[in-house]
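Here's a quick briefing to read with the model open beside you. Have a look at the fold, then go through the points by topic.

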Amino acid sequence: MTTVTVLPTGITPADVHAVARGAALVELHPTAVEAMAASRAHVDRIEASGRPVYGVSTGFGSLASTFVASERRAELQHALIRSHAAGIGAPMPREVVRAMMLLRIRSLALGHSGVRPLVAQSLVDLLNADVTPWVPEHGSLGASGDLAPLAHCALVLLGEGWVLDKSGTRIDGGEALRRAGLRPIELAAKEGLALVNGTDGMLGMLLLAIGDAAHLFAMADLTAALSIEAMLGSDRPFMPELHAIRPHPGQATSAANIHRLLQGSAIMDSHRDDLDHAVQDAYSMRCAPQVAGAARDTLEFATQVAGRELRSIVDNPVVLPDGRVESTGNFHGAPLGFAADFLAIAAAEVGAIAERRVDRLLDVCRSRELPPFLSPDAGVNSGLMIAQYTAAGIVAENRRLASPASVDSLPTSGMQEDHVSMGWAATRKLRTVLDNLTSLLAVELLAGVRGIQLRGPLAPSPAGTIATAAVARFAGTPGPDVFLAPIIESARELVSGTELRNAVEAEVGPLP
C-alpha cells in the first residue's frame, strides 16, 4: 500500500488520484507540522493581544465587524461549522470527498492557515480510517470556497454530522468515529474558518476530471479510427505534413494517433487506389483531429490552471510569515470555474462528432455499402438503430451541460459576497459531461467494430483487430438482434478502463 506524504510545498495530481480512487494512506511530513506550528504561534499572539482580526476575533461574512470575546471564540468556530453544514441533496461520490479532504490537508500544511497540526492530523486520520463524510451535492457557490461541502467534512471531526458508510447509507458522524477508534476534536480560534474556506472541492473534481478527460480523448482517437476504417475513409488527411502547417499541438497529436491506428489495414488498402472513391471524406471523419485536438489543447489549459491552484494558498484570512493576518480573495473559484466550463464545452464536442460518425455508419446512403443500421438482416432486425437514438439524446444533454455555470452569480451574505464563481457547479457538471462522453464513445466503439466485422473477409488494422476481438467477447458478431443495453454497458467498461488502450498501445505505440 502506497503512502502520500503531505509536504509544506504541497502534493501532486497523482497523489490526489491515489488517495481519492486508490487505497493510498496519508501522512504529514515533519516539516509540514513545523510550518503549521509556526503559523499557529502567530494566531496565539494575536489572541493574546486582544485586537480584532477577521476570523480570529470577529464574526464571518457580513458579520465581520462583530467583535467576539475571547471566552466565546471556540464556540464561534464550532457554531461556524454547524451553521455552514447546510447542504442538501444526494451525497457526493466517495472519491470527490476524499480528494476534497486531502486537498484541505494540503492547504493547512502549507503553513498559512494558523491551525494546530492536530487539525490536519485529524483529517489524515479520517482518510486513513476510510471514514467518508456525507457531503450533499448542493450548497457551494464556489466563492469563499466550498463552504458547505467543507463544513460537512469538518463537522465529522467534531463527532457530529453524517458519514457515508460502505453500503451507501448515512450514519451518525459520532458513531462512525467510534467505530474507527477515533475521537472528536475541539476547535480553537481561527480553526473552524480554516477548515471551510478554500477551493478544495472544485479543485478535487477538476483534477479527477482532467485525468478522465486525458484518457477519454485518447480513446476518442481510437474509436474515430475504427469508424473511419469501417466507412472506407482515407488516412491521407492525417499525414503529419498537413498538420505541421496549422501548428496546434493537440491537433498534431490526435492526427498522429489516428494515422498510426489506421496503418496495416487490408480494408484501407482495398480502396486506396480506387478512382471511384470519394475525394474528400465528411467532416466528422476528416476533421476528427481538429476537434479532438482542440479539446486536447483545452485540456492542457485546464491542467495548467489546476496545477497553479495546487500550489496556491486559498485560505482566508492568511497568516503571513511576518505574523500579519490579512484577508484575501484567493478562495474565489473563478479560475477553476472557467477552466471546468471550457473543458466541458470541449468534451461535449468530442462526443458530438463521435455521434455523427455513428450516424454515418448506420445510414445506408452514407456508409459506403454497409447494411442498414449495421444489421445483416435489416427489416426484421433493427441493428444499432436505437443505440444511435441513445447517443443523440446524450449529445443533447451534453450541449445543455456545456452552457457555462461560471457566468451565473447570485449575491449572498447580505451582499458581502456579492459575486460568486459557481465553480462547484461547473466542476460537477464537467464530471457528468465526461461520464456521458464515455457512453458516446462506447456506442462508437460498438458501431465501428460492427462495421469492421461486416467488411470481412478483409482484415482490419492491428488496432482494429484488437478492438474487434475485445468487443466480440461480449457482443459477438453481426447477426439477429439481441438485448443491447448490457452490450453497451460492457463497451463503456472497455472505454473507461485501460485494458483495450493498453493492448492497442502495445501493438502500435503510445496514444498520448
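**Two domains and what lies between them**

Measuring from C-alpha centre to C-alpha centre, domain 1 and domain 2 sit 39 Å apart. Their contact draws on 36 residues from domain 1 and 23 residues from domain 2. Keep in mind that this is a predicted model.

**The chain overall**

- Going by the domain assignment, domain 1 covers 2-197, while domain 2 is put together from 206-315, 329-409 and 417-508.
- You'll find 20 helices and nine strands in the protein chain.
- Along the principal axes, the C-alpha atoms fit a box of roughly 90 × 50 × 40 Å.
- The protein chain has 512 residues, and 55% of them count as buried.
- Take the contacts between residues at least 6 apart in sequence: 79% of these join residues at least 24 apart.

**The interface between the domains**

- Interface size is often quoted as the accessible area that is lost when the parts come together.
- Here, domain 1 and domain 2 bury about 2,300 Å² between them, and carbon and sulfur atoms account for 59% of that.
- There are 14 residue pairs in polar contact across the interface of domain 1 and domain 2, counting pairs with both residues at pLDDT 80 or more.
- On the side of domain 1 that touches domain 2, the elements giving two or more residues are α1 (13-21), α4 (94-109), β5 (136-138) and α8 (191-196).
- Of these, α4 gives the most, with eight residues.
- By residue type, that side of domain 1 splits into 17 nonpolar, 12 polar and seven charged.
- As for salt bridges, the count between domain 1 and domain 2 is four.
- A salt bridge also joins the side chains of lysine 190 and aspartate 315, at 3.2 Å from N to O.

**Valine 96, in α4**

- Valine 96 is one to click on in helix α4, the helix that gives the most residues to the side of domain 1 touching domain 2.
- Valine 96 counts as buried because its relative accessibility is 1%, and the cut-off for buried is under 20%.
- Leaving out residues up to four places away in sequence, valine 96 touches Met205, Leu208 and Arg431.
- Alanine 14 is 82 residues from valine 96 in sequence, and their C-alpha atoms are 14 Å apart in space.

**Aspartate 341, in α15**

- Aspartate 341 belongs to helix α15, which runs over residues 334-362.
- Is aspartate 341 buried or exposed? With a relative accessible area of 3%, aspartate 341 is buried.
- Setting aside neighbours within four places in sequence, aspartate 341 is in contact with Pro404, Ala405, Ser406, Ala426 and Lys429.

**Isoleucine 386, in α16**

- Isoleucine 386 lies in helix α16, which spans residues 385-401.
- Isoleucine 386 counts as partly exposed because its relative accessibility is 44%, and partly exposed is the class between under 20% and over 50%.
- Isoleucine 386 and alanine 209 are 177 residues apart along the chain, with 29 Å separating their C-alpha atoms.

Technical notes
Residues are numbered from 1 along each chain as its sequence is written. This is a predicted model: local features need pLDDT of at least 70, side-chain atom pairs count only at pLDDT 80 or more; totals for chains, interfaces and linings use all residues. Side-chain values use heavy atoms; hydrogens and water are left out. Domain bounds come from an automatic or database domain assignment. Contact means heavy atoms within 4.5 Å. Buried area is the accessible area (1.4 Å probe) that two parts lose on being put together, summed over both. A polar contact is a pair of N or O atoms within 3.5 Å; within protein, one must be able to donate a hydrogen and the other to accept it, and residues adjacent in sequence count only if both atoms are side-chain atoms. Helices (H or I, at least four residues) and strands (E, at least two) are DSSP runs, numbered from the N terminus. Ala, Val, Leu, Ile, Met, Phe, Trp, Tyr, Cys and Pro count as nonpolar, Asp, Glu, Lys and Arg as charged, and the others, Gly among them, as polar. Buried means under 20% relative accessible area, exposed over 50%, partly exposed in between (1.4 Å probe, protein chains only).
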